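Open the model in a viewer and keep the sequence panel beside it. The stops below are meant to be selected one after another.

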Amino acid sequence: MKLARSANAHADLQRTLQLSPKSPLVSHAHGALWLALEFPALPLLAMGLTTPSSPPLAVSLVRKHRPQVLVADRKAHKAGITCGMSVTAAMALCPTLQVRRYDAVLEDGALQGLAAWANRYTSSISVQPPRG
């Protein structure tokens, strides 16, 4: 996402986002200020299933012929669930874990929604497809 350039834009952005001066997320490229945003929990958030009263939740993806945890919510993390863990191991650690299959269409829709929101602030947006 390209942002408008001003004399203090880089410093203001670093303070606002609490980024270090060497952060790889913010850079000056060809005289413009660029910001890279990553949403690792987007597959989970796109499903809209996380509420304070919901059970632990994870999104799975089949890799190398076995289902693995792609992303998990905070409750699942507290139970010891980590990304890349097999779904079987995750279920053994947390029997109440709810596992949903990764949905690239939902994630892409959420990503396009974020891009539309960001378009209010800049006309130069580059979106990478879902990582599934």
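The tour goes from the whole chain to a sheet, then to a hairpin loop, a core and the cysteines.

**Whole chain**

Begin with everything selected, and keep in mind that this is a predicted model. Colour by secondary structure: the protein chain has five helices and six strands. Followed along the sequence, these elements give the pattern β-α-β-β-α-β-β-α-α-β-α. Now switch on the surface. Its accessible area is about 8600 Å², and carbon and sulfur atoms hold 58% of that. Of the 132 residues in the protein chain, 33% are buried. Among contacts with a separation of 6 or more, 44% join residues 24 or more positions apart.

**The sheet S5-S4-S6**

Next select residues 57–63, 66–72 and 98–101, which are strands S4 and S5 and strand S6. Together they form an open sheet of three strands in the order S5-S4-S6, and the pairing is mixed. S5 and S6 are the edge strands with a single partner each, so each has one side without a neighbour in the sheet. From one strand to the next, the twist averages 45°.

Which sense does each pairing take? S4 runs parallel to S6, with four bridges between them, and antiparallel to S5, with six bridges. To see both pairings from one residue, select Ser60. On the S6 side Ser60 faces Arg101, and on the S5 side its bridge partner is Val69. Ala58 offers another check on the parallel pairing, as its bridge partner in S6 is Val99.

Stay on S4 and colour by accessibility. Five of its seven residues are buried, so the strand is largely enclosed by the rest of the structure.

**The hairpin loop**

Move to the end of S4 and select Lys64 and His65. Lys64 sits in the loop between S4 and S5, and His65 is in that loop too. The hairpin has two residues between its strands.

Which backbone angle deserves a look at Lys64? Its phi is positive, about 50°, although the residue is not a glycine. His65 also has a positive phi, about 65°, and is not a glycine either. For background, most residues other than glycine have a negative phi.

Are these loop residues buried or exposed? Lys64 has a relative accessible area of 79%, so it counts as exposed. His65 is exposed as well, at 81% relative accessibility.

**Arg66**

One step on is Arg66, which belongs to strand S5. Arg66 is partly exposed, with 40% relative accessibility. Show the residues around it: apart from neighbours within four places in sequence, Arg66 contacts Leu61, Gly84 and Ser86. Draw a distance from Arg66 to Ser86 between C-alpha atoms; the separation is 7.2 Å, with the two residues 20 apart along the chain.

**The nonpolar cores**

Now hide the loop and select Ala58, Val69, Ala72, Ala76, Ile81, Met85, Ala90, Cys94 and Leu97. These nine residues are the largest nonpolar core. Two of the names were met in the sheet: Ala58 as the partner of Val99, and Val69 as a partner of Ser60.

Centre the view on Ala72, a member of this core. Which residues does Ala72 touch beyond four places in sequence? They are Leu44, Leu57, Ala58, His77 and Ile81. A second, separate core has eight residues, including Leu44, Leu70, Val71 and Tyr102. Ala72 therefore has a contact with Leu44, a residue of that second core.

**The cysteines**

For the last stop, select Cys83 and Cys94. How many disulfides does the structure hold? There are zero. A disulfide is a covalent bond between the sulfur atoms of two cysteines. Cys83 is partly exposed, with a relative accessible area of 49%, whereas Cys94 is buried at 6%. Cys94 also belongs to the largest nonpolar core, so leave that selection on while inspecting its side chain.

Notes: Residues are numbered from 1 along each chain as its sequence is written. This is a predicted model: local features need pLDDT of at least 70, side-chain atom pairs count only at pLDDT 80 or more; totals for chains, interfaces and linings use all residues. Side-chain values use heavy atoms; hydrogens and water are left out. Buried means under 20% relative accessible area, exposed over 50%, partly exposed in between (1.4 Å probe, protein chains only). Two strands pair if DSSP finds at least two bridges between them. Contact means heavy atoms within 4.5 Å. Accessible areas come from the Shrake-Rupley method with a 1.4 Å probe; for residues, only the protein chains shown count as cover. A disulfide is a pair of cysteine sulfur atoms within 2.5 Å. Axes are lines fitted to C-alpha atoms, for helices over the stretch in contact, and angles run from 0 to 180 degrees between N-to-C directions. A nonpolar core is a set of buried Ala, Val, Leu, Ile, Met, Phe, Trp, Tyr and Cys residues joined through side-chain atoms within 4.5 Å.
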